[in-house]
Amino acid sequence: MAAILEVKDLCKTYVIEKRQNNVLKNVNFTVEEGEMVAIMGPSGSGKSTLLYAVSGMDTPTSGHVLFDGKDITKLSANQLAEIRLNKMGFIFQQMYMMKNLTILDNIALPALENKADRAGKAEKMKRAEELMRKLSIIEVADNDINEVSGGQLQRACICRSMVNKPKLLFADEPTGALNRTASGEVMEELAKLNGEGTTIMMVTHDAKVAARCKRVLYIVDGNIKGEYLSGGDSTAENERRLNNWLLDLGW
Ligand SMILES: Nc1ncnc2c1ncn2[C@@H]1O[C@H](COP(=O)(O)OP(=O)(O)OP(=O)(O)O)[C@@H](O)[C@H]1O
Ligand SMILES: [Mg+2]
């Protein structure tokens, strides 16, 4: 397996009124193609900052982020925007959907805007519909964004993040706003996408969600403090082991 993401000595410092806040301190890790990795850690430990820095949404203070072997910290804004649109998908807690568009049109939008994708409009709309069918929300295709449940909206966000067939999907607490059932459904879909080849890196507070990932990185105060590899005979056993591991880390 080849590395899709290599993070080397990544640092991020915020300066507010001359006070420095070193949020990421020499973070190093690699994500292999096809992996599903969870990032866990206390609130304020730098998880979202890490996700933004490695996905090119924010510029690191120093260090390198190699995506498919290419250092994205060295790219121009346009080059970076192109890679983000074509190769990466994003799911964030605050879900920005356009109010004046239907759910289907919102999902299709990134594909329609993607000039590098030569497929016609009809084909892109069909792709958006197929994703909605796959995530069981096709019945709300023509609804406005305020006419769907939280779980449906989150699944719509996953569809939208997948419409350009990204190689790597970033998610910041994709199940954060959902109840147990909806959260389980969303994880089921993410695991399916991962099974079909999409690499996934997600931040989560939920051990049940993290237990579905093959690897968990635990970050404390801007550093990776531990790494957990999934194991055990069953999901329940893996979840129990992960919980024990988290307890030992002071979770
Ligand atoms: N844009 C910003 N400007 C200044 N400081 C920031 C900014 N974003 C985050 N921080 C600071 O960086 C630190 C880490 O924040 P971050 O959002 O990465 O934490 P987190 O681990 O995602 O927490 P949570 O679990 O609560 O989402 C915090 O001290 C926060 O105040
Ligand atoms: Mg966060």
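# Notebook: aromatic pairs, charges and cores

I began with the rings, and the count for this structure comes to six aromatic pairs. I note at the outset that I am working on a predicted model.

**Entry 1, aromatic pairs.** The pair I looked up at the start of this entry was Y52 with F92, which is edge-to-face, with 5.5 Å from centre to centre and 65 degrees between the planes. I placed Y52 in helix α1 (residues 47-54) and F92 in the loop between β6 (88-91) and α3 (103-112), so this pair ties together parts that lie 40 residues apart in sequence. For the accessibility of the two partners, I found Y52 partly exposed, with a relative accessible area of 27%, whereas F92 is buried at 17%, a value that falls under the 20% limit for buried residues.

I then turned to F90 and F170, whose rings form a stacked pair, 5.7 Å centre to centre and with 20 degrees between the planes. F90 belongs to strand β6 and F170 to strand β7 (residues 168-172), so here the pair ties together parts that are 80 residues apart in sequence. I recorded both F90 and F170 as buried. When I followed the rings further, I found that Y52, F90, F92 and F170 make up one aromatic cluster.

**Entry 2, a buried acid.** Past strand β7, I stopped at E173, which is found in the loop between β7 and α6 (180-195). Which side chain of opposite charge is nearest to E173, and how far away is it? I found it to be K47, at 5.6 Å, and E173, although buried, has no salt bridge; the distance lies outside the 4 Å allowed for a salt bridge. What I did find for the E173 side chain is a polar contact with the side chain of H205, at 3.2 Å.

**Entry 3, salt bridges.** Side chains of opposite charge can pair when their charged atoms come close. I noted a count of 15 salt bridges for the model, and I looked up several of these individually.

In the bridge between K12 and D58, the closest N and O atoms are 3.5 Å apart. K12 lies in strand β1 and D58 in the loop between α1 and β4, so the pair ties together parts that are 46 residues apart in sequence. I found K12 buried, with a relative accessible area of 9%, while D58 counts as partly exposed at 24% relative accessibility.

D68 forms a salt bridge with K167, and for this pair the closest N and O atoms are 2.9 Å apart. I noted that the pair links distant parts of the chain, with D68 in the loop between β4 and β5 and K167 in the loop between α5 and β7, 99 residues apart. D68 is partly exposed, with a relative accessible area of 35%, and K167 also counts as partly exposed, at 29% relative accessibility.

For a pair within one helix I looked at E189 and K192, which form a salt bridge with the closest N and O atoms 3.5 Å apart. The two residues are three apart in helix α6, which means that about one helical turn separates E189 from K192. E189 counts as buried at 9% relative accessibility, whereas K192 is partly exposed, with a relative accessible area of 39%. I also recorded that salt bridges with shared partners join E35, R215 and E227 into one network.

**Entry 4, positive phi.** Coming back to D68, I read its phi as near 55 degrees, a positive value in a residue other than glycine; the loop that holds D68 runs between β4 (62-67) and β5 (70-71). K18 is another non-glycine residue with positive phi, near 70 degrees, and it is placed in the loop between β1 (3-16) and β2 (19-32). At 82% relative accessibility, K18 counts as exposed, since the limit for that class is over 50%.

**Entry 5, nonpolar cores.** I finished with the cores, and the largest nonpolar core has 48 residues, with I103, M132, I158, L190, M202, V216 and L242 having the most contacts inside it. Helix α5 (residues 150-162) gives the most to this core, with six residues. I checked L242 separately and, leaving aside neighbours within four places in sequence, found L242 in contact with A207, A210, A211, V216 and Y228. There is also a second, separate core of 29 residues, which includes L51, L75, F92 and V203. F92 thus appears in my notes both in the aromatic cluster and in this second core.

Technical notes: Residues numbered from 1 in each chain as written. Chains lettered and ligands numbered in written order. Heavy atoms only, no water. Core = buried A, V, L, I, M, F, W, Y, C linked by side-chain atoms within 4.5 Å. Buried < 20%, exposed > 50% of the residue type's maximum accessible area, 1.4 Å probe, protein only. Contact = heavy atoms within 4.5 Å. Phe/Tyr/Trp six-rings, centres within 6.5 Å; stacked < 30°, edge-to-face > 60°. Lys, Arg positive; Asp, Glu negative; His and termini not counted. Polar contact = N/O pair within 3.5 Å; in protein donor to acceptor, adjacent residues only side chain to side chain.
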